[in-house]
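Hi there,

Here is the structure I promised to pass on to you. Please have a look at it first, and then read on for what turned up in it.

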Amino acid sequence: MINIPSPTTNDPTMTLVYILLIIVAAYILTRFVAFSMNKMKRFKKDMTAIYLIRDIISYIIYFIALMTILQFFGINLAGTLLSVGIVGIAVSFAAKDIISNLFSGMILILGKSIKVGDTLEIDGKKGFVERITLRSTVIVDDVGVKNNVPNSTLTNNAYLQYKPPEKYRVNISAGLPLDIDVEEFRAYIIKKMESYAEIAETPKPDVYAKEISFKQSKVKVSFWVNNFNDKDKYKIIITNEIRKFIKQGENDE
């Protein structure tokens, strides 16, 4: 008959083995939960609630793992939390930001004021909501940088929320050789921009002069796309049209 040591075993080696097994099991379970929830992307357009369920399950798994590990050292976490009132108050003050973000996350998710895929602008930073967790909201800007915004910031501060379809302005800076006529370039590139259906008719695309030096004329090509998610695609397309015009001008010399 095999004797399984109790959680308070005096064997340090077995204690370490059990702790490692619990950590590995908790990690595998949380990864499995994340994988299973992410598979639902193909079936559900709004992933906000799914991310919430995934985070809650992950926190529960880690909490159970922590309680189990502490029992190996003779610590009853549930009883300790109930009995040590002064420490609990001190911890609550130290963790007030974390608690505030957790409650703010619940408000954002359950209230559905912000959803995954929405376009927001806060503190001058604009991007789409990639993920909402219990503690923070991940907003990806137009260059792909991910900003982790604390949920309490969204519940306590003003922000702009754009409803789809949301137009987005794209600005491209270009340096034209001095032998290229800026008016001809402007007429050419505006005609090209107007030929694409996803580039908005209003506000109208335009070209603005920035400065001129001994080497080049600096201009700004500005246009709006009808869909925020098309901004990178058409930034590349119009940049390539600018390159073609400059190259054609060089070949005509």
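Let me begin with the charged pairs. Lys218 and Glu211 join their side chains in a salt bridge, with 3.9 Å from N to O. Both partners have some access to solvent: Lys218 is partly exposed at 34% relative accessibility, and Glu211 is partly exposed at 47%. Please keep in mind that this is a predicted model.

That pair is one of four salt bridges in the structure. Another one links Lys146 and Glu130, whose closest N and O atoms are 3.2 Å apart. Lys146 belongs to strand E4 (residues 146-150) and Glu130 to strand E2 (residues 125-132), so this salt bridge ties together parts that are 16 residues apart in sequence. Glu130 has a relative accessibility of 26%, which means that it counts as partly exposed.

A further salt bridge sits between Lys231 and Asp232, at 4.0 Å from N to O. Is Lys231 buried or exposed? Its relative accessible area is 5%, so Lys231 is buried. Asp232, on the other hand, is partly exposed, with 40% relative accessibility.

Now for the overall make-up. The protein contains eight helices and eight strands. It has 253 residues, of which 33% count as buried. If you take the contacts with a separation of 6 or more, 61% of them are between residues 24 or more positions apart. The exposed area of the protein is about 16,500 Å², and 61% of that comes from carbon and sulfur atoms.

The sheet deserves a look as well. In which order do the five strands of the open sheet come? The order is E4-E3-E2-E1-E5, with antiparallel pairing. E4 and strand E5 (160-162) are at the edges and have a single partner strand each, so one side of each has no neighbour in the sheet. On average, neighbouring strands of this sheet are turned by 40 degrees against each other, with direction ignored. As a reminder, strands of a sheet pair through backbone hydrogen bonds, in either a parallel or an antiparallel way.

Within this sheet, E2 and strand E3 (residues 136-141) run antiparallel and are joined by five bridges. If you want a place to zoom in, Arg131 stands opposite Val138, which is in E3. E2 is also the strand that holds Glu130, the partner of Lys146 in E4.

One backbone detail may interest you. Which peptide bond is cis? The bond from Thr202 to Pro203 is, with omega near -5 degrees. In general, most peptide bonds are trans. Pro203 is located in the loop between H7 and strand E7 (206-212).

H7 itself covers residues 182-194, and Ala187 is found in this helix. Ala187 has a relative accessible area of 48%, so it counts as partly exposed. From Ala187 to Val207 there are 20 residues in sequence, and their C-alpha atoms are 8.9 Å apart in space.

That is what I have for now. Do write back if you would like to talk any of it through.

Best wishes

Methods:
Residues numbered from 1 in each chain as written. Predicted model: local features only at pLDDT ≥ 70, side-chain atom pairs only at ≥ 80, totals over all residues. Heavy atoms only, no water. Helix = DSSP H or I, 4+ residues; strand = E, 2+ residues; numbered from the N terminus. Buried < 20%, exposed > 50% of the residue type's maximum accessible area, 1.4 Å probe, protein only. Pairing = 2+ DSSP bridges. Axes fitted to C-alpha atoms, helices over the stretch in contact; angles between N-to-C directions. Contact = heavy atoms within 4.5 Å. Areas by Shrake-Rupley, 256 points an atom, 1.4 Å probe, with all protein chains shown as cover.
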